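Trainee: I am new to this structure and would like to look closely at a single part of it. Could you take me through that part slowly, once we have the model in view?

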Amino acid sequence: MISFAAPVRDLRFVLEELLEHGSLALPGFEEASPDLVEAVLEEAAKLAGEVWAPLNASGDRQGCTRRDDGGVSVPDGFAEAYQAYAEGGWNGIGVPEALGGQGLPEVVASSVQEMLHGANMALGLCPMLTAGAIEALAHHGSEEQQARYLPKLVEGTWTGTMNLTEPQAGSDLSKVRTRAVPQEDGSYRLFGQKIYITWGEHDAAENIIHLVLARKPDAPEGNKGISLFLVPKFLVNEDGSLGARNDVTCASIEHKLGIHGSPTCTLSFGENDGAIGYLVGEEGRGLNHMFTMMNEARHKVGIQGIGVAERACQHALAYALDRTQGRSPRSGRSDCTISDHLDVRRMLLSMRARTDALRALALYCAAQLDLARHAADETERAAAQARVDVLIPVVKSFSTDQAVEIASLGVQVHGGMGFIEETGAAQLLRDARIAPIYEGTNGIQALDLAGRKLQRDGGAALGGLIDQVEATAAALEASGEHAALGESLAGGAADLRAAMAAVLEAGADPESGADAVQAYATPFLNLAGHVLCAWQMGQATLKASAAIAEGRDEPFYQAKRQSADYAIRQWLPVGRAQRAVIEAGMASLVDFDAAAQ
């Protein structure tokens, strides 16, 4: 597989120029500086490129092994690479200093995570889940739980998991059946089985902290009967040392399409006397508490998709610059590389433009997370959180769908060699394919946006984002040079505003509203993703043009303008067509009889 170089220059462009390092001006980040952020990115790039990336292909080939003792061995080198990550303090980069972390902004932590997922997605899943566990305990754990478990999780000495899905439940968590039986000492004993548990058992860290959804025996049916429990692999003594092995075992590991280096486990709780667990937060509010963890994870799954897309871009470009075939359409040479052919250029530019746009939108969302957590003004925090609530389903769903398409284009650039495993292009496509499925399928993300988020505030938060899109379109039109881009972006904003009104109106119908939201949710999210990504590239055009006028780094900024031009004039129209899909109505879906096919 071709070596991976973390996209530090483009990450710096987003942080420094598009976002203007706004997070560094927030309370709590006084010690951070642009120079520090640059140094962090450079060091993370070394870890990603020199330590994690070389293990990506070998980890895919070797996979994970369940041992006779029920333990799981990860691929050769993975445990050492994870330890290098933990010992470097990377696990706590975005964790507040009060909890033992480095207290850097979310935009910086997200940038680092993108590099690591691009280097090795399977390995990157381990700290991603741990970050979610830290977030859940920091918000809902008792003081005792935070004191006992958070320091080791933040260090990375212990890792975390989330345990939601069961064989009979799937995405419907109201059907969770794992039991939590109260004990006289205040603990619980858990009995049940969880499936698809990412890094649920492994030998890369000394302990695993499972966060598990379960029901007390007297709990009501449905979501309100679900509570959240902390179940350690090894019990933790009063002095913080590890005690006896808990009654939680890996029953099996899944044999998957991709991410072979990530152990996806079926975990069995209570095969003997019951797995000892501890209630986290309020009884009956487990699903609410787990959503703290899931929202963190959903944003990072979007980041993960962008990391894989970046690697696919680099992989395809390197091959296209090396592979000779056909006659050049410009020079007439018969020994030209395939990068000279316009159809290959179309694929390469499409991959690059989309990846750049997705990155900018995901980091904009991360910056809004920083505002929501740290802004001094409560009204500003609330407005930022409203934008985050709208953006997270878009970042998760749109980024991962696009990552699959980008990785698929990468295979296409390779031609027949892309279908051969040895080139590595196929692995990126196989790995990327899980991202639209886990942490809530992309269909669920679309329903969350079009149903819950849009209906909750009548489109106010998304409408505010559309206002910003329109402002950027006006700035492009006023520039003269980029007037055509401004017109296209303004058209996209108008389409999104009209589609939002149509979805809100349809959703308000007391008889057909629920069906309408389901029918229109996915095309609506796709339209929103295209428009918001094009907005970010419109901003990139304005910044790049200003830099060129100042004589700064012209090749980089010219490339950025080319990506923006493609994104707005050739990619955005594909998304704008989703308005017509929504306006066509849902009759064909209502009339469709699946059983009759």
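Trainee: Which residues have the most contacts inside the largest nonpolar core? Please start there, and then take a close look at helix H8 (residues 286-322) and what surrounds it.

Mentor: Please keep in mind throughout that this is a predicted model. The largest nonpolar core has 175 residues, and those with the most contacts inside it are Met115, Leu211, Met290, Val413, Leu462 and Phe524. Its largest share, 19 residues, comes from helix H15 (residues 513-549). A second core, separate from this one, has 17 residues, among them Ile197, Val248, Cys265 and Phe269. From the list of well-connected core residues we can pick out Met290, which, if residues up to four places away in sequence are not counted, touches Met162, Asn163, Leu164, Leu211, Leu213 and Leu228.

We can now turn to the helices that pack against H8. As background, two packed helices are described by the angle between their axes and by the distance between those axes. Helix H5 (residues 106-119) packs with H8 at an angle of about 50°, and their axes are 7 Å apart. With that angle, H5 counts as oblique to H8, and the crossing of the two is right-handed. On the H5 side, the contact is made by Glu106, Ser110, Gln113, Glu114, His117, Gly118 and Ala119, which meet a set of H8 residues including Glu296, His299, Lys300, Ile303, Val308 and Arg311. Sorted by class, the residues of this contact are 4 nonpolar, 7 polar and 6 charged.

The packing of H8 with helix H11 (residues 425-432) has an angle of about 165°, and here the axes are 10 Å apart. H8 is therefore roughly antiparallel to H11, and their crossing is left-handed. Val308, Arg311, Ala312 and His315 of H8 make this contact with Ala425, Leu428 and Ala432 of H11. Its residues divide into 5 nonpolar, 1 polar and 1 charged. If you compare the two lists, you will find Val308 and Arg311 of H8 in the contact with H5 and again in the contact with H11.

After H8 comes a loop, and two of its residues are worth following one after the other. Ile338 has its place in the loop between H8 and helix H9 (342-374), and because its relative accessibility is 8%, Ile338 counts as buried. Apart from residues up to four places away in sequence, Ile338 touches Tyr319, Ala320, Arg323, Gln325, Val344 and Val413. Val413 brings us back to the largest core, where it is one of the residues with the most contacts. The C-alpha atoms of Ile338 and Val413 are separated by 8.7 Å, although the two residues are 75 residues apart along the chain.

Arg327 also has its place in the loop between H8 and H9, but at 55% relative accessibility Arg327 counts as exposed. Leaving aside neighbours within four places in sequence, Arg327 is in contact with Gly332, Arg333, Ser334, Cys336 and His341. For the pair Arg327 and His341, which are 14 residues apart along the chain, the C-alpha atoms are separated by 8.5 Å. To sum up the loop, Ile338 is buried, whereas Arg327 is exposed.

Technical notes. Residues are numbered from 1 along each chain as its sequence is written. This is a predicted model: local features need pLDDT of at least 70, side-chain atom pairs count only at pLDDT 80 or more; totals for chains, interfaces and linings use all residues. Side-chain values use heavy atoms; hydrogens and water are left out. Axes are lines fitted to C-alpha atoms, for helices over the stretch in contact, and angles run from 0 to 180 degrees between N-to-C directions. Helices (H or I, at least four residues) and strands (E, at least two) are DSSP runs, numbered from the N terminus. Angles under 35 degrees count as roughly parallel, over 145 as roughly antiparallel, 65 to 115 as roughly perpendicular and the rest as oblique. A crossing is left-handed if the near helix is turned anticlockwise from the far one by less than a right angle, and right-handed if clockwise. Contact means heavy atoms within 4.5 Å. Ala, Val, Leu, Ile, Met, Phe, Trp, Tyr, Cys and Pro count as nonpolar, Asp, Glu, Lys and Arg as charged, and the others, Gly among them, as polar. A nonpolar core is a set of buried Ala, Val, Leu, Ile, Met, Phe, Trp, Tyr and Cys residues joined through side-chain atoms within 4.5 Å. Buried means under 20% relative accessible area, exposed over 50%, partly exposed in between (1.4 Å probe, protein chains only).
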